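Biologist: Please take a close look at one part of this model, a residue whose backbone deserves attention, and then set it in the context of the rest of the chain.

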Amino acid sequence: MFKKRIAVLVAFVVVLASVLAGCGNGKTSGGSTNQKSTFKAGMVTDTGGVDDKSFNQSAWEGLTNFAKDNGLKKGTGVKYLQSTQASDYSPNLNTMVHQNFNIVYGIGFLMQSDIQKIAQQNPKAHLGLIDAVAVDKNNKPLKNVASITFKEQQGSFLVGVVAGLTTKTNKIGFIGGVNSALLKKFENGFKAGVKTVNPKAEIYAQYAGAFDAPDKGRAIAQTMYTKGADIIYASAGNTGNGVFTEAKNRTKNGKKVWVIGVDKDQHDQGMPENVTLTSMVKRVDKAIYDVTKQTKAGKFPGGKVLEFGLEENGVGIAPTTDNVSEKALSSVNDYKKKIIDGSIKVPTTDKEYTKYLTTLK
């Protein structure tokens with residue numbers, strides 16, 4: 001009888017141990033699946049810096065808006081690393097990848113080669129590239145990179161319409177950052193818009209060779225304004241801030257000139273002298289917000305080339321229209337419809353621009 005009781009007791013202890021062990025394993029498993037989200041999104045700026053009042057700043061605003069809407073903290077949940085020179089791109093991108101950010105953006109086409117190299121070295125990493133398409137050795141889009149591009153020529157055409165209908169001297173300038181296929185989209189779209197509404201306009205175009213050289217931007221603007229240009233479209237990142245400086249200085253001295261901003265609504269950048277005619281808004285913030293949202297939902301659009309144009313509300317003229325005439329605004333709306341419906345195909349290259357001019361004749 002005593003032995004029987006011992007056997008029952010041992011059996012009970014074994015069963016109890018098994019149950020407790022099962023409960024213990026369940027608790028550990030449950031703890032790991034119920035942990036607070038550790039989603040992190042980061043970006044690496046180009047040399048223009050996060051406070052360039054343009055391209056990089058718009059990108060950072062997209063991430064910070066996402067952080068606000070999703071309860072993430074700046075500095076941990078969303079973070080940026082600033083590049084002071086091109087050689088910073090690769091180490092900055094690598095740092096974020098190795099810190100296990102769920103998505104890391106390279107802001108600007110100048111990071112294309114670095115993104116491609118790092119993406120192939122870290123196939124499990126999720127990367128985003130702005131303004132270029134990341135490809136492998138066979139020129140196929142890399143599956144762990146979301147390539148985000150824009151139809152800058154379309155938005156530039158519209159601000160070109162504004163410039164062509166506003167100029168009093170019939171002389172208009174374009175200042176670009178780095179001479180490249182991307183910036184040519186800005187230049188040729190802008191010139192096409194100007195010429196469409198004002199065939200007699202003379203257009204000066206020059207590149208600074210950098211996105212972080214405001215002094216050079218100011219010097220080029222000085223030359224163009226002196227030659228008679230009364231409007232300059234500055235598509236040059238931080239270099240464009242020098243154009244604003246020159247325009248403000250001239251306006252203070254009694255000679256009214258205008259600047260057309262880029263990427264963001266740069267109305268405030270022209271104050272208090274009020275020199276911003278309009279801006280070509282490029283919704284980098286919207287694109288980054290959307291892709292980050294997809295990534296957090298487990299739907300990272302890797303291997304896709306995402307293109308944002310007028311139809312997608314990815315480019316256009318700035319919401320601030322205080323200095324734009326009713327006639328110009330009406331024309332902008334008319335041409336916007338024609339571009340969206342395909343009646344007008346805006347040129348992106350010098351060759352396309354030359355051909356486009358023949359259609360105007």
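Modeller: At 6% relative accessibility, D263 counts as buried, where buried means under 20% relative accessible area, exposed over 50% and partly exposed in between, computed with a 1.4 Å probe and protein chains only. This is a predicted model, in which local features need pLDDT of at least 70 and side-chain atom pairs count only at pLDDT 80 or more, whereas totals for chains, interfaces and linings use all residues. Residues are numbered from 1 along each chain as its sequence is written, and side-chain values rest on heavy atoms, with hydrogens and water left out.

D263 lies in strand β9, strands being DSSP runs of E with at least two residues and helices runs of H or I with at least four, both numbered from the N terminus. The backbone of D263 has a positive phi of about 75°, although the residue is not a glycine. Most residues other than glycine have a negative phi, and most peptide bonds are trans. N100 also has a positive phi, of about 60°, without being a glycine, but N100 sits in the loop between α3 and β3 (103-106) and counts as exposed, at 61% relative accessibility.

After β9 (258-263), the loop that leads to β10 (276-282) holds P272, and the peptide bond from M271 to P272 is cis, with omega near 5°.

V259 of the model touches V243, which lies in helix α8 (residues 240-252) and counts as buried, at 0% relative accessibility. Leaving aside neighbours within four places in sequence, V243 is also in contact (heavy atoms within 4.5 Å) with I175, G217, R218, A221, Y225, I232 and A234. The C-alpha atoms of V243 and Q222 are separated by 8.0 Å, although the two residues stand 21 apart along the chain.

Elsewhere, S83 offers another buried site, at 1% relative accessibility, in the loop between β2 (78-81) and α3 (89-98). The side chain of S83 reaches the backbone oxygen of T45 at 2.8 Å, and a polar contact of 3.2 Å joins the side chains of S83 and N92; such a contact is a pair of N or O atoms within 3.5 Å in which, within protein, one must be able to donate a hydrogen and the other to accept it, residues adjacent in sequence counting only if both atoms are side-chain atoms. Not counting residues up to four places away in sequence, S83 touches V44, T45, D46, T47, D88, Y89 and N92.

For helix packing, α5 (residues 152-166) and α6 (residues 181-197) meet at an angle of about 35° with axes 6 Å apart, the axes being lines fitted to C-alpha atoms over the stretch in contact, and angles running from 0 to 180 degrees between N-to-C directions. Among the residues that make this contact are F157, V161 and L165 of α5 and L182, F186 and F190 of α6. The residues of this contact divide into eleven nonpolar, seven polar and two charged, with Ala, Val, Leu, Ile, Met, Phe, Trp, Tyr, Cys and Pro taken as nonpolar, Asp, Glu, Lys and Arg as charged, and the others, Gly among them, as polar.

Over the whole chain there are eleven helices and twelve strands, and 53% of the 361 residues count as buried. Among contacts between residues at least 6 apart in sequence, 68% join residues at least 24 apart.
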